[in-house]
Number of protein chains: 2
Amino acid sequence: MPSGGPEIEQLIQLLARLPGLGPRSARRAVLHMIKRKEQLMLPLSAALDRAVVAVKTCQICGNVDTVSPCSICADPRRGESGMLIVVEDVSDLWALERAGPGQVRYHVLGGVLSPLDGIGPDDLNLDTLVARAPDYAEIVLAMNATVDGQTTAHYITDRLGPDTKVTRLAHGVPIGGELDYLDEGTLSQALRARTQI
Amino acid sequence: MPSGGPEIEQLIQLLARLPGLGPRSARRAVLHMIKRKEQLMLPLSAALDRAVVAVKTCQICGNVDTVSPCSICADPRRGESGMLIVVEDVSDLWALERAGPGQVRYHVLGGVLSPLDGIGPDDLNLDTLVARAPDYAEIVLAMNATVDGQTTAHYITDRLGPDTKVTRLAHGVPIGGELDYLDEGTLSQALRARTQI
């Protein structure tokens, strides 16, 4: 058996299952914690206990929060712009929130259509999206720019029908990006959607 | 405030302080956990609670375990080889144990001499090492192959005196390398080819 006792070994094995950590970095992380028991290990243990109890999935939009409806759905100012942004995953919602999009609301699909992985329309939060759509002036599809993401965007556009205003995120050159490293698809999209300076 | 509520935000901030994780990967890790609440988040929370209570520092060698004296110090067979391996840190002890060095004991210094960082002999577990040394036939210095590590090795050799058999790990440890990052093969080779100082 490795050093450290079963409690430490089990903690390492569980931490190693987090994305971005492997067995080696999990071991380093646990030792780092143990050396900083008061400043890091105890607060982390308490924070995890609190989060386990508190975390809920919002019944309206699918966001993760400590209340349901989540703080975004519960905020009446968030509805004022009439904009509903549809994302694949909670991490995309958080990424957009960091970009400060203003008073908008979200809808988390919980994935994308993927026939290869056996994920069909019934596996995503699509019915709730169709039910919410009439309350919003504009539905912004913010799927990833992958084949599955774009297929899902087309499916949703069809499903919402011609009376709903549906838009998608602009394609183009990322800020700080170099043309030389971009693919032809992005470049031709960026050229077609050029804007006047 | 970012999405997710204060409990989730605090968990992200604490996880981001672990080595190998930053704010972005901590956020991904927390979302990963939340999605796998039953399989990962609850067991991790319980394991961390257990480890917080159980973890102790061995009063004899400085190892981290759930008992003190640690399982290595408490095992009588470990004393039979008469070999005491001196390491900087618990992570080095664990790295050596993975190399399977046989029935040896360890002494964790808790760092190295470093005048620049204001770390002198009194800041390390040196007095306890001098007290333990007469019980062992051979003291193996397994410091990192850094300037501070080798300085510390020289200091310990002087301190233990000419009557103690002091050896060091064979070169094979790359200069500037740290034990924790080495593969088991190199470590066991280096241990086998140790040379007298």
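This is a short tour of a predicted model, going from a sheet in chain A to a pair of helices and then to the interface with chain B.

**The sheet of chain A**

Begin by selecting the strands of chain A that form an open sheet, where four strands lie in the order 4-3-5-6 and pair in parallel fashion. At the edges you will find strand 4 (105-108) and strand 6 (166-168) of chain A, each of which pairs on one side only. If you look from one strand to the next, the twist averages 30°.

Now select strand 3 (residues 83-87) together with strand 5 (residues 138-141) of chain A, which run parallel and are joined by four bridges. Within this pair, show Val86(A) and the residue that stands opposite it in strand 5 of chain A, Leu141(A). Next, add helix 5 (residues 90-98) of chain A, which packs on the sheet and touches strand 3 and strand 4 of chain A. When you compare directions, that of helix 5 makes about 160° with that of strand 4 of chain A.

**Two helices that pack together**

Move on to helix 2 and helix 3 of chain A, whose axes are 6 Å apart and which pack at an angle of about 115°. Which residues of the two helices meet here? From helix 2 of chain A, select His32(A), Met33(A), Ile34(A) and Lys35(A), and from helix 3 of chain A, select Lys37(A), Leu40(A), Met41(A) and Leu44(A), which they meet. Sorted by kind, the residues of this contact divide into five nonpolar, one polar and two charged.

**The interface with chain B**

Keep Lys35(A) selected and add Asp89(B), because the side chains of these two residues meet in a salt bridge, with 2.7 Å from N to O and therefore within the 4 Å cut-off. Between chain A and chain B the count is two salt bridges, and 13 residue pairs are found in polar contact across the interface.

On the chain A side, the elements that each supply at least two residues are helix 1 (5-15), helix 2 (23-35), helix 3 (37-54), strand 2 (64-65) and helix 5. The largest share, 15 residues, comes from helix 3 of chain A, and the residues of this side as a whole divide into 27 nonpolar, 10 polar and 13 charged.

Finally, show both chains in full: 50 residues of chain A are in contact with 52 residues of chain B. The size of an interface is often given as the accessible area lost when the parts come together. Chain A and chain B bury about 5,200 Å² between them, with 68% of it on carbon and sulfur atoms.

Technical notes: Residues numbered from 1 in each chain as written. Chains lettered and ligands numbered in written order. Predicted model: local features only at pLDDT ≥ 70, side-chain atom pairs only at ≥ 80, totals over all residues. Heavy atoms only, no water. Pairing = 2+ DSSP bridges. Axes fitted to C-alpha atoms, helices over the stretch in contact; angles between N-to-C directions. Contact = heavy atoms within 4.5 Å. Buried area = accessible area lost by both parts, 1.4 Å probe. Polar contact = N/O pair within 3.5 Å; in protein donor to acceptor, adjacent residues only side chain to side chain. Nonpolar A, V, L, I, M, F, W, Y, C, P; charged D, E, K, R; others polar.
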